[in-house]
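Below are some notes on the model you sent. They are set out as numbered points, to be read alongside the sequence and the coordinates.

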Amino acid sequence: MEQPTKPADANTNETAINEPGINSEPEPAPIGAAETAIQIENDDSYKLVFSIEVSRRYNLHMARGFRRLGQLTKLFTIMGGSAAFVGLLNQTQAITPWVGLVGTFVLTFATALDIVYGFDAASFEHRKLARDYTDLLRRHKSGEGTKNLTQDYYYIEANEQAGLKAVMNASHNQALRNMGYTGDEYKEYAVKVRWWQYPLFIVF
């Protein structure tokens, strides 16, 4: 990703963004994680703030996505368990054993997904990272030196796992809009989101 330079009329207020998965954001959010490729050089405060902004947005999107996936697996667990129970109780109709079999499969699959991926725990971890990045922005606004903030930014970033590139790209573009990039300036630094990546934004 190309490094952005400060736009001529930078406006840090939130703006409406007509991109998939952005308008439905559950919290007012700035974020930037490891894949932003923003290089912080010469104690450049602006680039640091942009990186933090992208990371905060990214982690808020990931927290929302994992929370939704956790809710979805719980829904399928309840539905699968109910179907399996009905199948066990009523064996008189030919279709009922199949209902029980399908219900058992859905129950097992949903439970396995939740155990393997730990959606609730992942959502909690991303919310915590988003709060850490928000705190960095607060400290920056209070006038704390860029050097300390940069060190803490890299420390927080080092604790992040590899992320979803499509969500990172959307967060990057959202941060550009949030920091006042429009028109040709926005097009110069924005990252293209592929059409086949759009379904991710239904969840995230």
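How many helices and how many strands are there in the chain? The points below begin there.

1. Overall make-up. This is a predicted model. The chain holds 7 helices and 0 strands, and along the sequence the pattern reads α-α-α-α-α-α-α.

2. Burial, contacts and surface. Of the 204 residues in the chain, 42% are buried. Among contacts with a separation of 6 or more, 77% join residues that are 24 or more positions apart. The chain has an accessible surface of about 11500 Å², and carbon and sulfur atoms account for 60% of that surface.

3. Helix H3, span. H3 covers residues 119–141, which is 23 residues. From first C-alpha to last, H3 reaches 33 Å, close to the 33 Å expected at 1.5 Å a residue. Just after H3, Gly-143 has a positive phi of about 100 degrees.

4. Helix H3, buried positions. The buried residues of H3 are Phe-119, Ala-122, Ser-123, His-126, Leu-129, Ala-130, Tyr-133, Leu-136, Leu-137 and Arg-139. For reading such a list, an α-helix has 3.6 residues a turn, so residues three or four places apart point the same way.

5. Phe-124. Is this residue of H3 buried or partly exposed? Phe-124 has a relative accessible area of 43%, so this residue counts as partly exposed, a class that lies between the 20% and 50% limits. The C-alpha of Phe-124 is 9.9 Å from that of Met-62, although the two residues are 62 apart along the chain.

6. The second largest pocket. This pocket has a volume of about 240 Å³ and a lining of 13 residues. Phe-66, Ala-122, His-126, Gln-161 and Ala-162 are the lining residues nearest its centre. Helix H1 (45–89) and H3 each supply at least two residues of the lining, and H3 gives the most, with 4 residues. Ala-122 and His-126 also appear among the buried residues of H3.

7. Asn-173. Which helix holds Asn-173? Asn-173 lies in H5, residues 165–178. The relative accessibility of Asn-173 is 3%, and because the limit for buried is under 20%, Asn-173 counts as buried. A polar atom of the Asn-173 side chain lies 2.6 Å from the backbone oxygen of Val-191. The buried side chain of Asn-173 thus has a backbone oxygen as a partner at that distance.

Conventions: Residues numbered from 1 in each chain as written. Predicted model: local features only at pLDDT ≥ 70, side-chain atom pairs only at ≥ 80, totals over all residues. Heavy atoms only, no water. Expected span 1.5 Å × (residues − 1). Buried < 20%, exposed > 50% of the residue type's maximum accessible area, 1.4 Å probe, protein only. Contact = heavy atoms within 4.5 Å. Areas by Shrake-Rupley, 256 points an atom, 1.4 Å probe, with all protein chains shown as cover. Polar contact = N/O pair within 3.5 Å; in protein donor to acceptor, adjacent residues only side chain to side chain. 1 Å grid on protein atoms, 1.4 Å probe; cavity = no way out; pocket = protein on both sides within 12 Å on 5 of 7 lines; lining within 4 Å. Points joined across faces, edges and corners; volume = space filled by probe spheres on them.
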